[in-house]
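User: Hi! I'd like a close look at one part of this protein, with its surroundings explained as you go.
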Amino acid sequence: MKISIDFLYNYYGFGAWDGQREVKRLEWLSVVECIKGRYVYSCDGRPAVTVGPGEFFIAPAGALQDITHRTDGNGEFECRYVFLDAVMEDVWHLDKLYGFPDKLPEEFNEEMHGLLLKLHGLANEEYCKRMACAYGITDILLRCGSRNEVDGEIVAAARYIRQNISRHISVQELCDLLCLSQAGLFRMFSRSLNCTPVGYINSLRVAEAAKMLVSCTESIESIAVKCGFESQAYFTRVFKRINGMTPGQYRKAVTG
């Protein structure tokens, strides 16, 4: 099984106030550790779980996160988290192919803590050591997750889209590739990915743009072009529809 790490970002946070609530979506898989205080976390409307010190919650890319922060007896709150985009067989984002529990099972807490702690102490220049931590985190996620079934045609379509994501890809082009009618193509995407072909293409482009917004200082216009959008205006509309905020707002919210 081939797995590549396309994006890795880690952060240490503190200072949330008691009762602070965030409702948001992020464009990558998140693994979040509570250090002081606790989280009350709900994902995609499921029943909330409480995450205390030394425990973790997992949020798939694009999931609706409803997070309430609770401080400890001294009024303190601290956390550590990692954003990760692992791609399997050059096609699937890890959290598209696997489902994960909202709260990391207890038996993995100590191992995950060690990896996030080590990652936090590494400089960005220590690339190989950071990647070793990222693959360790991915390994834990694979062990605690459950694999979803996918058919061969959607794999071929997803691989083709990823390979050509920076240019215009038409619906008819995908139909010709898979020898399907437009109706058949739309049924396949709806059944396998719960979206339209164009919706899937835009979700990949927005995910790539979100990585660039966080990891580089290029202009929003430049990022839009590199990610295959016809104009900055269209990019902004699609990005806001998916994430609930503009690219500029997103960059500020994540990087401060």
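How many bridges join strand S4 to strand S7, and which way do the two strands run?

Analyst: Happy to help. This is a predicted model, in which local features need pLDDT of at least 70, side-chain atom pairs count only at pLDDT 80 or more, and totals for chains, interfaces and linings use all residues. Residues are numbered from 1 along each chain as its sequence is written, and side-chain values use heavy atoms, with hydrogens and water left out.

Now to your pair. Strand S4 (residues 38-43) and strand S7 (residues 65-70) are joined by 6 bridges and run antiparallel. Strands here are DSSP runs of E with at least two residues, helices are runs of H or I with at least four, and both are numbered from the N terminus. Two strands pair if DSSP finds at least two bridges between them. Within your pair, Tyr 41 stands opposite Ile 67 in S7.

Both strands belong to an open sheet of 4 strands in the order S2-S7-S4-S5, with antiparallel pairing. Its edges are strand S2 (21-24) and strand S5 (49-51), each of which pairs on one side only. On average, neighbouring strands of this sheet are turned by 20° against each other, direction ignored; the axes behind that angle are lines fitted to C-alpha atoms, for helices over the stretch in contact, and angles run from 0 to 180 degrees between N-to-C directions.

Strand S3 (residues 29-36) is also worth a look. Of its 8 residues, 6 are buried, so S3 is largely enclosed by the rest of the structure. Buried means under 20% relative accessible area, exposed means over 50%, and partly exposed lies in between, using a 1.4 Å probe and protein chains only. S3 is joined to strand S8 (residues 78-88) by 7 bridges, and these two run antiparallel; there, Cys 34 has Cys 79 as its bridge partner in S8. S3 also has 4 bridges to strand S6 (residues 56-59), again running antiparallel, and Val 31 stands opposite Ile 58 in S6.

S8 leads on to two other places. His 93, in strand S9 (residues 92-93), counts as buried at 12% relative accessibility. Leaving aside residues up to four places away in sequence, His 93 touches Asp 85, Ala 86, Val 87, Arg 162 and Leu 204, where contact means heavy atoms within 4.5 Å. The buried residues of helix H10 (residues 247-255) are Pro 247, Tyr 250, Arg 251 and Val 254. The partners they pack against include S8 and strand S1 (3-14).
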